[in-house]
Amino acid sequence: MIIQLKESISDSQKDSLIAEVNKIGYKTTEVKTQLGDYLIGIGKKDFDIRKIGQMEGIQDIHIVSDEYKLVSKKWKVSPTTIDLGDGVCIKDGDMAIIAGPCSIESEDQIKKVIAHLQESGIRMMRGGVFKPRTSPYAFRGMGIEGLKLWHELASAAGIKIVTEVMQVSQIEEMYPYTDVYQVGARNTQNFNLLDELGKVDKAVMIKRGISGTIEELLQSAEYVFSGGNEKLILCERGIRTYERASRNTLDLNAVPILKAKSHLPVIVDPSHGIGIREYVPQMALAGVMAGADGIIYETHEVPEKAYSDGQQTLDFAQSARLADWIRKTFEMRKGFELL
Ligand code: PEP
Ligand code: MN
């Protein structure tokens, strides 16, 4: 059960409410976010919702039987909009395009990518300054100095930054220079990190874990939300299966399922999803048709020379064509109503 509390609720009204919920055998947790104050009741017994619902200090009450609660569509039917400012939004009914290199490498590289994005009308740039690498000897990123430089150049160009945070200690130092904190697939169940991101007043994009289920992704989002941060985006980036012909198996089934289960926007990452440059565009477009609210992909001036993930990275000409096709496909999707 989720009870949204009125701003005006008094301490004694809240105490009586908690006592009443406990009486039916439900444990309660209070959640305060940037937008609201909620009481989450966890329990299994049937109860008369009207009895609780008529108590004082309640704004709204719903029974949400899912393991995840606040990110569930059973709680909030209307889709959540992530507003990054300056007219840049990620939301249902729109198509966000986020492009950029796997790793931020140099000032020259950043400038070239920004020029390409501006030419293609793309307002969000991805890139890692702290890179999770399978090998400890691979390039590990430019670090916070790289992020500062990137931020200076991107903000002058009106471009928003989507970048991965790997550990709790980085959250604060990254804050002034980050528009969307990316939680990488290897950190989807780093619950300390998720808890701390709950305290931040900036958007968080959570990638699906390498072996994570859809339910687990939603539970990870619930961590951040119940920690206080409602500005969440879900990202399908492929999962580990027995298939070895592609880097991962991009689970496009997850897109309509996530959209049906949650009010949060859903983004597809075809670059990590398939891991093969030639097939990134068609998987991106398949993601659009599956119902994604945005696509995130990797691009670099000379993919062969990229410090990481060059094999799945598009050059600028390919990226410009793909951005165009993403928009065209999205227009077509608008007229696509099957059932
Ligand atoms: C990335 O976006 O470059 C990345 C490392 O992604 P993932 O966490 O999905 O592997
Ligand atoms: Mn990458």
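The open sheet has four strands in the order β2-β3-β1-β4, and its pairing is antiparallel; here strands (E, at least two residues) and helices (H or I, at least four) are DSSP runs, numbered from the N terminus, and two strands pair if DSSP finds at least two bridges between them. The model is a predicted one, so local features need pLDDT of at least 70 and side-chain atom pairs count only at pLDDT 80 or more, while totals for chains, interfaces and linings use all residues. Residues are numbered from 1 along each chain as its sequence is written, chains are lettered from A and ligands numbered from 1 in the order in which they are written, and side-chain values use heavy atoms, with hydrogens and water left out.

At the edges of the open sheet stand β2 (27-32) and β4 (58-62); each has a single partner strand, so one side of each is left without a neighbour in the sheet. Neighbouring strands here are turned by 20° against each other on average, direction ignored; axes are lines fitted to C-alpha atoms, for helices over the stretch in contact, and angles run from 0 to 180 degrees between N-to-C directions. Strands β2 and β3 (residues 37-42) run antiparallel and are joined by six bridges, with Y38 in β3 as the bridge partner of V31. Helix α1 (residues 11-23) packs on this sheet and touches β1 (2-5), β2, β3 and β4, its direction making about 140° with that of β2. Contact, here and below, means heavy atoms within 4.5 Å.

Then there is the barrel. Eight strands close into it in the order β7-β8-β9-β10-β11-β12-β13-β14, and the pairing is parallel. On average, neighbouring strands of this sheet are turned by 25° against each other, direction ignored. Two helices that pack on the barrel sheet can be picked out. Helix α3 (residues 107-119) touches β7 (96-100) and β8 (124-126), and its direction makes about 145° with that of β8. Helix α7 (residues 214-226) touches β11 and β12, at about 160° to the direction of β12.

Strand β12 (residues 232-236) pairs with β11 (residues 203-207) in the parallel sense over four bridges. Among the bridge partners, M205 goes with I233 and K207 with C235. Five of the five residues of β12 are buried, so the strand is largely enclosed by the rest of the structure; buried means under 20% relative accessible area, exposed over 50%, and partly exposed in between (1.4 Å probe, protein chains only). In a regular strand the side chains alternate between the two faces of the sheet. In β12, L232, L234 and E236 point one way, and I233 and C235 the other.

Helix α3 also meets a helix, α4 (residues 143-156): their axes come within 10 Å and cross at roughly 35°. The crossing is right-handed, as the near helix is turned clockwise from the far one by less than a right angle (anticlockwise would be left-handed). On the α3 side the residues are E107, I110, K111 and I114, and they meet G146, L149, W150, L153 and A154 in α4. By class, that contact has six nonpolar, one polar and two charged residues, where Ala, Val, Leu, Ile, Met, Phe, Trp, Tyr, Cys and Pro count as nonpolar, Asp, Glu, Lys and Arg as charged, and the others, Gly among them, as polar.

Back in helix α7 sits F225, which counts as buried because its relative accessibility is 2%. Leaving aside neighbours within four places in sequence, F225 is in contact with V31, T33, Y38, L70, V71, E230, L232 and H263. The C-alpha atoms of F225 and K32 are separated by 9.1 Å, though the two are 193 residues apart along the chain. V71, in the loop between β4 and β5 (82-85), lies 7.3 Å from F225, C-alpha to C-alpha, and 154 residues away in sequence. At 0% relative accessibility, V71 counts as buried too. Contacts of V71 beyond four places in sequence include L218, A221, E222, L232 and K261.

Last comes the manganese ion (ligand 2). Its protein donors are C102 (SG), H272 (NE2), E298 (OE) and D309 (OD), lying 2.0 to 2.4 Å from the ion; donors are N, O and S atoms within 2.8 Å of the metal (3.2 Å for Na, K and Ca), and water is not among the atoms, so sites may look incomplete. In sequence the donor residues are spaced C-x169-H-x25-E-x10-D. H272 lies in helix α9 (residues 270-274) and D309 in the loop between β14 (294-298) and α11 (316-334), so this pair ties together parts that are 37 residues apart in sequence. Both H272 and D309 are buried.
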